[in-house]
Amino acid sequence: MSALQIDNVSRFFRASAGGDMTPALRKVSFGIDRGEVVTLIGESGSGKTTLGKIILRLIPASSGTVTFEGQDISAFKGAALREYYRHVQGVFQDPFSSYNPVYKAERVFELLRSVYFPHTGQPTWQDKIESALAAVALNPGDVLGKYPHQLSGGQQQRLLIARALLLDVRLLVADEIISMLDASTRVDILNLLISLKQSGLAILFITHDLSLGNYVSDRTIILRHGAIVEMGDTVKVFGNPRHPYTRNLLTAVPELHKKWQPPADGARSRPTDAAGTGHAAVPATAVDPPRLTEYEENHLVAEEAA
Amino acid sequence: MSVKVENLSVAYRMRAGDVCPVEGVSFTVADGEIMGLAGESGCGKSTLGNSLVFMEGRMRHLGGRVVVDGQVLPVADFRAMRPYRMTKVSLVPQYAMSALNPTRRIGRLTTDLLRSHDVRESDVLEEMKRRIRLIGLDEDVLSRYSFELSGGMRQRVTIILSTLLNPSLLIADEVTSALDVSTQRAVGEMLMEFRDRGFVKSVIAITHDLSILAQIADSILVMYAGRLAEKASTADIVNAPLHPYTQMLLASLPEVGVRYDKATLTGIPGRPPSLVNPPRGCRFADRCPFARAKCAEAPPFEQVQPGRQVACWKVSEGWPEGGEA
């Protein structure tokens, strides 16, 4: 059984007052197992962050279900919701805005303590913090007692992951957690995710960066206009992309040792839709996503490609 | 040489003392060259870019010259720089595309901007429309508000505006960051096309993203903690970097096709020194696996091979790989 199962999840937003409902997510279904990193790749407006928010119960789905360890998460309230957050936590893009600059950084730990560990004594609590910091390769002396601005972006992001680890976290939603970090520290956070996964954590890694997603994940999901266009084993999806959208994304990725190749269709790589925005709105009627068919084992492709 | 920067130093006055994010910087950019300026946050790359065009109030010019087409720019004098902006040197600052006035249509913004440079709109409007079509946008973007455009469209419009008077030098600060890969590519190719068509003679493209520079830049200048670390052709930087910082930075970048189970990449341990009281010697020394006692002395940024400059004792004195002898 998957740790997290997402079935036919859709989400609509009203684009303007009295306007039509625009689909941000269209009947998305997939699962994440324990000890697995699933990467959700999409361009801006693809719905990837919306999906992360739905999993974290920050916004409700318009339809469809999210099941965590066999239970529908939409029913959780009060104590049950608190228990859910004991197991499911999120870390977001901008570590700088996740802290209150007036307080010392470790306040993020204290805030958890009052809710989840009200009866834990000080020595035990200190031990817990130290083991969580050790798990994210932080030296307590470097970060405890400091204000957020005294920490680097990488340290701040690690501290937020350590905060999640204080709980009995089983699923981590990591939404663009390294896009604001410097290149020299990015890969350390990725390696940290891999070691957490090896200890049994399920991780949903949301990113727009294909090479980062490729490095870290077991399975990859390509999201476009709120629908899955291709998903499966990371090596298969990147090694043998079947959907034209996936291929176009891959040709646009800047690589160090290879110059951009002209796109397959010979056109310039300019965003192509009429408005020139690169991501045209999906008409509200196009709610049904393309059907996924199996190209090979553990590699699904949207039918419109075939 | 179209652009020549000589021994430029710029400081910010802060409560903790003067902070000097650009220290004794010298380099040249040839006509037709796109030079990438790379480095991590806080290394001074944006300050350097800004200081060539727009020395804002809290910045102070400590010394050095900027020469464009044989003419010394009065970079230290904010007002005296005015006639040179947009005509000689143009800057697309970081986040410029987010700073377009939302209450004015793009066309109106253009008129205001041109008027402030004493250029009549009618003289350049046709050319602007031509360039808008050239990069694949519809000229009706002029009648739209900035929030009606996507990030990629806004960024391209910003670049068209800044290069409308065909400046000798365009400084493009993180113009491809925060964009999707396909839009990134469109903006990167637009810079190359504008250079090829002579809309701008030289470009300094500032970014933390070396893989974008590998696509668009002819040469790359790497900065670390306020000083220059290495300059060379793009191929040399990417394939055979000399400075240990450049080497470690490149080694930490995942590429498509590289997965953790095949090759574990590593970051650079530690973090850059604070620029308030920075170390006297090589600023990378405490993160550098090759550091020796000599590194307590600042290495000069000097030519080690034709077309290659490096500030590193290991390179200039030819220390062998692997530890102190």
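Two residues are in contact if their C-beta atoms, placed from the backbone, lie within 7 Å. The model worked on here is predicted.

**Exercise 1. A helix and its two sides**

Task: Find which residues of α3(B) are buried, and what covers them.

Solution.
- Start with the extent. Helix α3 of chain B covers residues 121-134 and has 14 residues. From first C-alpha to last it reaches 19 Å, close to the expected 20 Å.
- Apply the cut-off. A residue is buried if 20 or more other C-beta atoms lie within 10 Å of its own, and exposed if 12 or fewer do. In α3(B), B:Met128, B:Arg131 and B:Ile132 are buried.
- Look down the axis. The buried residues of α3(B) fall within an arc of 100 degrees, so they line one face of the helix.
- Recall the geometry. An α-helix has 3.6 residues a turn, so residues three or four places apart point the same way.
- Turn to the face away from the buried side. It carries the exposed residues B:Ser122, B:Glu126, B:Arg130 and B:Arg133.
- Find the cover. The elements over the buried residues of α3(B) include α2 (106-116) and α4 (151-162) of chain B.
- Step past the end. B:Gly136 follows α3(B) and has a positive phi, near 90 degrees.

**Exercise 2. An enclosed strand**

Task: Decide how many residues of strand β3 of chain B are buried, and name the strands joined to β3(B).

Solution.
- Count first. Strand β3 of chain B spans residues 34-38, and five of the five are buried, so the strand is largely enclosed by the rest of the structure.
- Sort by direction. B:Ile34, B:Gly36 and B:Ala38 point one way from β3(B), while B:Met35 and B:Leu37 point the other way. In a regular strand the side chains alternate between the two faces of the sheet.
- Take one partner. Five bridges join β3(B) to β8 (residues 202-207) of chain B, and the two run parallel. Here B:Ala38 has B:Thr207 as its bridge partner.
- Take another partner. Four bridges join β3(B) to β9 (residues 219-224) of chain B, again parallel. B:Leu37 stands opposite B:Leu221.

**Exercise 3. The nonpolar cores**

Task: Say which residues have the most contacts inside the largest nonpolar core.

Solution.
- The largest core has 89 residues. Those with the most contacts inside it are B:Leu37, B:Ile171, B:Ala172, B:Leu191, B:Ile204, B:Ala205 and B:Leu213.
- Follow B:Leu191. Neighbours within four places aside, it is in contact with B:Ile34, B:Ala172, B:Val203, B:Ala205 and B:Ile216.
- Another core lies apart from the largest one. It has 81 residues, including A:Val28, A:Ala132, A:Tyr215 and A:Val216.

**Exercise 4. A hairpin and the loop before it**

Task: Describe how β11(B) and β12(B) are joined, then decide whether B:Glu297 is buried or exposed.

Solution.
- Three bridges join β11 (residues 302-305) to β12 (residues 308-310) of chain B, running antiparallel. B:Glu302 has B:Val310 as its bridge partner.
- The two strands form a hairpin with two residues between them. In the turn, B:Gly307 has a positive phi of about 80 degrees.
- B:Glu297 sits in the loop between α8 (244-251) and β11 of chain B. With 12 other C-beta atoms within 10 Å, B:Glu297 is exposed.

**Exercise 5. Where the chains meet**

Task: Find which helix of chain A gives the most to the side that touches chain B.

Solution.
- In total, 38 residues of chain A are in contact with 41 residues of chain B.
- Helices α7 (183-198), α8 (210-216), α9 (234-239) and α10 (244-252) of chain A each supply at least two residues.
- α7(A) gives the most, with eight residues.
- By type, this side of chain A divides into 16 nonpolar, 15 polar and seven charged residues.

Notes: Residues numbered from 1 in each chain as written. Chains lettered and ligands numbered in written order. Predicted model: local features only at pLDDT ≥ 70, side-chain atom pairs only at ≥ 80, totals over all residues. Nonpolar A, V, L, I, M, F, W, Y, C, P; charged D, E, K, R; others polar. Pairing = 2+ DSSP bridges. Expected span 1.5 Å × (residues − 1). Arc of directions from axis to C-beta. Core = buried A, V, L, I, M, F, W, Y, C linked by C-beta atoms within 7 Å.
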